[in-house]
Amino acid sequence: MSALSVALTGNPNTGKSTIFNELTGARQKIGNWPGVTVDKKVGVIEHNGRKISVIDLPGTYSINARSQEEQVVSDYFKTNKPDIVVNIIDASNISRNLFLTVQLMENGIPLILNLNMMDEAERHGIKIDMKKLEDAFGMPVTNTVGRSNKSVRKLLDVFTNAVMTNYKPSKLINEHIERVRNLERSGLAPAKVDEEIIAARYDLIDKIMASAVTVSAAGKTLTEKLDSYLANGVTSIILMIAIFYLMFQISFNWIGQPLADIVGEFFDETLVPWAAESMEAAGVEGWMQSLVSDGIIAGVGAVINFVPLIFTLFIILSFLDGTGYMARVAFIMDPIMRRAGLSGKSIMPLMMGFGCAVPAIMANRALDTHKDRMISIFVTPFITCNAKVPIIALFAAMFFPDNVANVVFAMYFLGIITAIVMAKVLSSTMFTERQSTFLLELPPYRLPDIKTVLLEAWDKGKGYLIKAGTIIFAMSVIIWFLSNFNSDGMTEDMDTSYLASIGSTTSVLFAPQGFDTWEAGASVVTGILAKEAVVSTMGILYGVDEDSVDTDDAEGTAEVLNATSMGSAFTPLSALAFMVFSLLYSPCMTALGTVKKEAQGFKWMAFVFFYTTAVAWVVSLIVYQGGRLLGFE
Amino acid sequence: MTLKDTKPGMVVRIDSVGESELKQRLMTMGLIPGTRVEILNSAPFGDPIALRLRSYNLAMRRDDAAQIEVSEVG
């Protein structure tokens, strides 16, 4: 017997994904629907000796094909006839949820109506008579309770036992379909027809609600009480800053960084010596040893170091998203983002940019319009990501020892301001499509299902792990080669390496900014591969023993480097210009690759590379030359 | 009166949804003439606003709300 095909469909925020995760667990495959950046989730399970293939369709309010998600669902039903279609309905929000149900019925799709979160509905004074609902539609009605494993497993029995051919649409539904067909044939203007049909659907829903659902007045819900603080007036902004501060504190200081330190220690103290000894013992050639230890292990290790941080951040973000709070952040930030030509929904990706631009750029998928997505992708790289922090920290400690905190804060601020200003510039020059709108459901606050949070975090983070890993691997080999070879072969003297030639060619560009040494030029180039490389390249090139350049400890590194020629290679003003340039210029290769994928085009990747670098060049020029005019050095 | 002119705490009934690019999306979300809408709260500077209708909460900008004619019911 072939696998039973089951499709899950429903509105956003109905707990559909939780049910899917509960049904399929880790046996799910997440891919993309062809041509769009919408996740396609499929899982295969076995129940009562029967293979069941479950597909989780994107959450949509309708199948009008206005958004990518709606297009996916609409196309899916045009070309597929799954054995069973389950319409997951949030029972506490049944009226609007039934809109999709009615629309699916009009398309002749037989459905199982599954009422989810019945417990929550009852708390809100909503009572649903399942038998009457079944009669009203002529389709089977089941129910599940939010996160109850048992009630979800019960669905599997329904799948294997259901004989959908036994169910026929009720008289009420057939009359509605007849009414819709008549409207379609009425000869009215197409927009008018669509509106009349929408009104007819709600007309039907109101009828069904009157017969099967009783709504008694309940007091203020917990959600409304919370929203009077978390989504109301200026207080909400202060609370939001506190919540995000806590999130970064947990990710970067309490959990993520300590974990990252453990991984880093393992690399430095266990893996590297072990690899060196093994290769020595095996009689591996010197150049090969150098490639593996100084190149691959050092380079890939730098990335692996960030994995705990990234996953911690993703777990917290998925959790916050699952509670419904992220919708409030979009809501309260809309007044500010709107003035920059963006929508409130853009705030999420930008916030993530403080961690790493790669997931931040990917997060732009959630935005409504093409314009919002593109602008958001293009300004995210200006935000000070975690990998840029060592650059700022080091230069601030070396050249502004009395003002470290102020300089670091100013750099963060500069990143944000540049992002907002460039959003405004891009929206009024390149993306002059109509001002985006903002229509957003504020789902009730809920405690998210932990399995769903972890699966989501893993799904978002594993891409970083795999992709960054492969790119960084290749890049490590290249940097190692460039800094150890010249046209005559391998060289001991880095000043004559390919990297030195590249550096001195690049540095010509920075004469007006006052940092035109080949070492600075080379650091800028390696920084495109990974921002962490800027500081480590400086360390290597200024002749410090690599081991003593500990980028976690800016003061210590500053002391060491001050003793070298680096202290005299920059003046405070040219150091400031270098910091500004490093902060704003082209994002790293991994981020550029992500831009190419998310903006769907090599030309957009090239655009981001050149325009961010141009902005960085101009701003650092203004800082340096402006500073000189004001008499600084 | 339009939905734009309402204040938090007010309860209104929708009279009509005016022509705009958003009209069909608004209707799909359940903003149909006759629907009861409660105005809940607003973002900083009073825009966008949060509404409760059909047992769920929806946020929209005041500019878009200006297209929706309403009358107060209580």
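The following paragraphs describe chain B, its contact with chain A, and selected features inside chain A, in a predicted model.

Chain B contains two helices and five strands. Read from the N terminus, these elements follow the order β-α-β-β-β-α-β. For 74 residues, a compact globule would be expected to have a radius of gyration near 11 Å, and the 11 Å computed for chain B therefore agrees with this expectation. Along the principal axes, the C-alpha atoms of the chain occupy a box of roughly 25 × 25 × 25 Å. Of the 74 residues in chain B, 49% are buried. Among the contacts in chain B with a separation of 6 or more, 52% join residues that lie 24 or more positions apart.

The contact between the chains draws on 35 residues from chain A and 26 residues from chain B. On the side of chain A that touches chain B, two or more residues are given by each of α3 (94–106), α8 (190–212), α9 (222–230), α10 (235–254), α14 (325–339) and β10 (439–441) of chain A. The greatest contribution to this side is that of α8(A), with five residues. By residue class, the side of chain A that touches chain B comprises 16 nonpolar, 11 polar and eight charged residues.

Strand pairing also links the two chains: β10(A) runs antiparallel to strand β4 (residues 56–60) of chain B, with three bridges between them. Within this arrangement, A:Glu441 is located opposite B:Leu58 of β4(B).

Inside chain A, helix α5 (residues 130–137) has A:Leu133, A:Ala136 and A:Phe137 as its buried residues. Viewed down the axis of α5(A), these buried residues fall within an arc of 85° and so line one face of the helix. The packing partners of the buried residues of α5(A) are α3, β6 (112–116), β7 (126–128), β8 (141–144), α7 (171–184) and α8 of chain A. Two of these partners, α3 and α8, are also listed among the elements on the side of chain A that touches chain B. Immediately after α5(A), A:Gly138 adopts a positive phi of about 80°.

In soluble globular proteins, nonpolar side chains tend to be buried together. The largest nonpolar core in the model has 180 residues, and the residues with the most contacts inside this core are A:Phe331, A:Ile392, A:Phe395 and A:Met579. When neighbours within four places in sequence are set aside, A:Phe395 is in contact with A:Ala575, A:Phe578 and A:Met579.

Terms used. Residues numbered from 1 in each chain as written. Chains lettered and ligands numbered in written order. Predicted model: local features only at pLDDT ≥ 70, side-chain atom pairs only at ≥ 80, totals over all residues. Contact = placed C-beta atoms within 7 Å. Helix = DSSP H or I, 4+ residues; strand = E, 2+ residues; numbered from the N terminus. Nonpolar A, V, L, I, M, F, W, Y, C, P; charged D, E, K, R; others polar. Pairing = 2+ DSSP bridges. Buried ≥ 20, exposed ≤ 12 C-beta atoms within 10 Å, placed from the backbone. Arc of directions from axis to C-beta. Core = buried A, V, L, I, M, F, W, Y, C linked by C-beta atoms within 7 Å. Rg over C-alpha atoms; globule rule 2.2 N^0.38 Å.
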